[in-house]
There are 2 protein chains.
Amino acid sequence: MATLTFKLNEHLYLRDPQHTQLGQNIIQKSVEMIDRLGFEHFTFKKLAEEINSTEASIYRYFENKHKLLVYLISWYWHWIEYRIDIATGSLQNSSDKLRACLRLLAQEKKYDEAFEFVNQEALHRIVIAELDKTYLTKGVDDYNKEGLFRGFKSVNRKIASVILEINPSYEHASSLISTILVTGHQQLFFSEHLPSLTAIGTGKERYTKLYEFMENVVFNAIQS
Amino acid sequence: MATLTFKLNEHLYLRDPQHTQLGQNIIQKSVEMIDRLGFEHFTFKKLAEEINSTEASIYRYFENKHKLLVYLISWYWHWIEYRIDIATGSLQNSSDKLRACLRLLAQEKKYDEAFEFVNQEALHRIVIAELDKTYLTKGVDDYNKEGLFRGFKSVNRKIASVILEINPSYEHASSLISTILVTGHQQLFFSEHLPSLTAIGTGKERYTKLYEFMENVVFNAIQS
DNA sequence: CGATTATTGATAGTAATACTATTATATTTG
DNA sequence: CAAATATAATAGTATTACTATCAATAATCG
């Protein structure tokens, strides 16, 4: 199977990590470490030790650790969009398309061999726990000007446009989808840490329940 | 008018800031500073300078700046719950109650003179920008065991129970409400910084539009 | 009212973080 | 093979997030 890479916004990095061995090590190991340590306890120094490199070398790839996080999560959204395209490409009916999108979002993420050096299960956990930190910062407007949130926005726009195919007069499409994109991850976080805030439970079936919840919210909202 | 205070969980602080002048200064000024600087750029040292005290003194009230944030946001949820009680106390009809809750959540927050030394407008902006940071941390389970999220949970439970009055067989009440509580703030953030992710617009009318969106989502979800 | 106790201020210090700078050593490329 | 480029090794800085100590002040209590 071919190994794929995504063309991510150039402002996310100083040197493209996909092009070199060191860059790939940085990506691979940082996913594992952020997942394990959490973003606040993760540092370039610790990362450097684990990949037998140096802090200074990592700084040649990423301006700072926050941009690395934004990079990883941007990668995630590009991956999601790619999978949405595959899952909906053969579908004619818009409601089917929307259901496919929701299913994909709610789904447990398993290793996708088309993408070496990124552990998608770990990355999914990072998105669950750290997504909001990418934009909840005073630098959000500068980041946005540089286009660093394009991945997220693109997925949002794509699914919102499916909603407008189903109901062209629905007024809250972009709000509804951004809500779903964020809550999809948040509910999984609550499921693990604050279960009284969610109805999806804590067992294996939570992915199915999450899908049912999303379907309930989205289809009823737009078909009124 | 009487000045009210909330009894917040004791694990939120080391010394109760509501009881002393220094404590009140810490609360008042930290709200203003976190709003202005953002949580990451806010430090106890800077705060100490502005209230003419010292870092060490502030550390006698709060273990660290994260717990101060959790304290402030906990205060916010207690305030919201208090206002929900007032707004729904005289209502008989459950749908009216639910609408009153949503209106209150979506509403622009104005200064409430019953609570001195807390600038609610600034605090609302803090909740919009920093809420998720209170629980998106590796320490979430310890915090939760200490009951630090009681305020949030309590509001969630209260509104979820109104939903069950309307439709006792609705299965996703707690998920629906936690989604609304979080998205209510998130959409306002998007409105200001990432407007393509929201349909509520960027003008003064965004609070009304947010309410309409919430009503659309909630009432359609539960009345199916 | 004076003595005890609690609270705050002043000051100092530490380990870790988030970088930047410099130079030497590999490695690649033309 | 020479030149350019990437990386490693090392050092250094300002800031952060604390902790510790002790003196000064304010509150309270017998």
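Helices here are DSSP runs (H or I) of at least four residues, numbered from the N terminus. The close-ups below all come from a predicted model.

**View 1. B:Asn167, in the loop between α8 and α9 of chain B.** Using that numbering, B:Asn167 falls after α8 (150–166) and before α9 (173–193). Is this loop residue buried or exposed? B:Asn167 has a relative accessible area of 13%, and since anything under 20% counts as buried, buried it is. Its side chain has two partners to look for. One is the side chain of B:Ser169, with a polar contact at 2.9 Å. The other is the backbone oxygen of B:Ile222, which the side chain of B:Asn167 reaches at 2.6 Å.

**View 2. B:Arg99 on helix α5 of chain B.** The helix runs over residues 94–106. With a relative accessible area of 27%, B:Arg99 is partly exposed. Leaving aside residues up to four places away in sequence, B:Arg99 touches B:Tyr211, B:Glu215 and B:Phe219. Have a look at B:Val162 too: in sequence B:Arg99 and B:Val162 are 63 residues apart, but their C-alpha atoms are 10 Å apart in space.

**View 3. Helix α10 of chain A meets helix α10 of chain B.** Each of these helices spans residues 206–222, and their axes come within 8 Å, crossing at roughly 110°. That crossing angle makes α10(A) roughly perpendicular to α10(B). Which residues make the contact? From α10(A) come A:Asn216, A:Val217, A:Asn220 and A:Ala221, and from α10(B) come B:Asn216, B:Val217, B:Asn220 and B:Ala221. Sorted by type, the contact has four nonpolar residues, four polar ones and no charged ones.

**View 4. The protein surface around DNA strand C.** The strand is surrounded by 16 residues, the closest being A:Glu55, A:Tyr59, A:Asn64, B:Ser53 and B:Tyr61. On the DNA side, sugar and phosphate make up 57% of the strand C atoms that come within 4 Å of the protein. Helix α3 of chain A (residues 55–59) gives the largest share of this surface, with three residues. The surface residues split into six charged, six polar and four nonpolar.

**View 5. Side chains at the phosphates of DNA strand C.** Three spots are worth zooming in on. A side-chain N or O atom of B:Ser57 is 3.2 Å from a phosphate oxygen of the strand. For B:Arg15, a side-chain N or O atom is 3.3 Å from a phosphate oxygen. Over on chain A, a polar side-chain atom of A:Lys65 lies 3.5 Å from a phosphate oxygen.

Technical notes: Residues numbered from 1 in each chain as written. Chains lettered and ligands numbered in written order. Predicted model: local features only at pLDDT ≥ 70, side-chain atom pairs only at ≥ 80, totals over all residues. Heavy atoms only, no water. Near = heavy atom within 4 Å. Polar contact = N/O pair within 3.5 Å; in protein donor to acceptor, adjacent residues only side chain to side chain. Helix = DSSP H or I, 4+ residues; strand = E, 2+ residues; numbered from the N terminus. Nonpolar A, V, L, I, M, F, W, Y, C, P; charged D, E, K, R; others polar. Buried < 20%, exposed > 50% of the residue type's maximum accessible area, 1.4 Å probe, protein only. Contact = heavy atoms within 4.5 Å. Axes fitted to C-alpha atoms, helices over the stretch in contact; angles between N-to-C directions. Parallel < 35°, antiparallel > 145°, perpendicular 65-115°, else oblique.
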